[in-house]
Amino acid sequence: MKLKFFLTKVLSSMILSYIIPIINIVIIVLLSNGVSNDKIVVMNGINILTANNACYIASISSYYKINEKYNMISGYIKTLGLVISAVAFAISTYELQRNNFGISVIVYEICAAVTSILCIILTVFVQLENVEIDKRIEKSQLERAKDIISRSGEKASFDLDGDHFQV
């Protein structure tokens, strides 16, 4: 059940968010066959991924929070992810424009991997929260149905939450 949840909810959300960056990276790789410096191609791909991670983290931050534990943990994760991705993106963009790489590509790869993992964790929190919201809605609908049933035995008609019921 948990694997199905992860595959259907979490990965489908992330795949939809990463389609455009993946297409951009593929285009860069296909167009760079004649480029003598593979480092530039790799850095462009990492740069796109890091920028997308920052956007993903920023957009997922606007999700509503009902679970205080997830809210606190996700706040730290969002801050860490945004700082890492913004700094890595800014420095890598600067180095790409100068075509001079003072920092190893491995550092940027690690930053991209870490922020990608943080995106997955945040997506799991959002999906778990959606499950919690669905449970709360189900519970309130069930309570309303019980209220309707209990009141229907007392009267021929009654009002509940602005709705009129005829029994």
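There are zero disulfides here, and keep in mind that this is a predicted model. Cys55 stays out of any disulfide, with the nearest cysteine sulfur, that of Cys119, 9.9 Å away. On the aromatic side, the count comes to one pair, and the rings involved are those of Tyr18 and Tyr56.

**Cysteines**

- A disulfide needs the two cysteine sulfur atoms within 2.5 Å, and the sulfur nearest to that of Cys119 belongs to Cys55, 9.9 Å away, leaving Cys119 in no disulfide.
- Cys55 sits out in the open: its relative accessibility is 52%, so it counts as exposed.
- Cys119 is tucked away, with 0% relative accessibility, so this one counts as buried.

**The aromatic pair**

- What geometry do the rings of Tyr18 and Tyr56 have? Their centres are 5.7 Å apart and their planes meet at 40 degrees, so the pair is tilted.
- That label follows because planes under 30 degrees apart count as stacked and those over 60 as edge-to-face, with the rest called tilted.
- Which helices does the pair tie together? Tyr18 belongs to helix H1 (residues 2–31) and Tyr56 to helix H2 (residues 38–60), so the contact links parts that are 38 residues apart in sequence.

**Burial of the two tyrosines**

- Tyr18 has a relative accessible area of 9%, so it is buried.
- Tyr56 comes in at 8% relative accessibility and therefore counts as buried.
- The cut-off behind both calls is a relative accessible area under 20%.

Notes
Residues are numbered from 1 along each chain as its sequence is written. This is a predicted model: local features need pLDDT of at least 70, side-chain atom pairs count only at pLDDT 80 or more; totals for chains, interfaces and linings use all residues. Side-chain values use heavy atoms; hydrogens and water are left out. Buried means under 20% relative accessible area, exposed over 50%, partly exposed in between (1.4 Å probe, protein chains only). Rings of Phe, Tyr and Trp (its six-membered ring) pair if their centres lie within 6.5 Å; planes under 30 degrees apart count as stacked, over 60 as edge-to-face and the rest as tilted. Helices (H or I, at least four residues) and strands (E, at least two) are DSSP runs, numbered from the N terminus.
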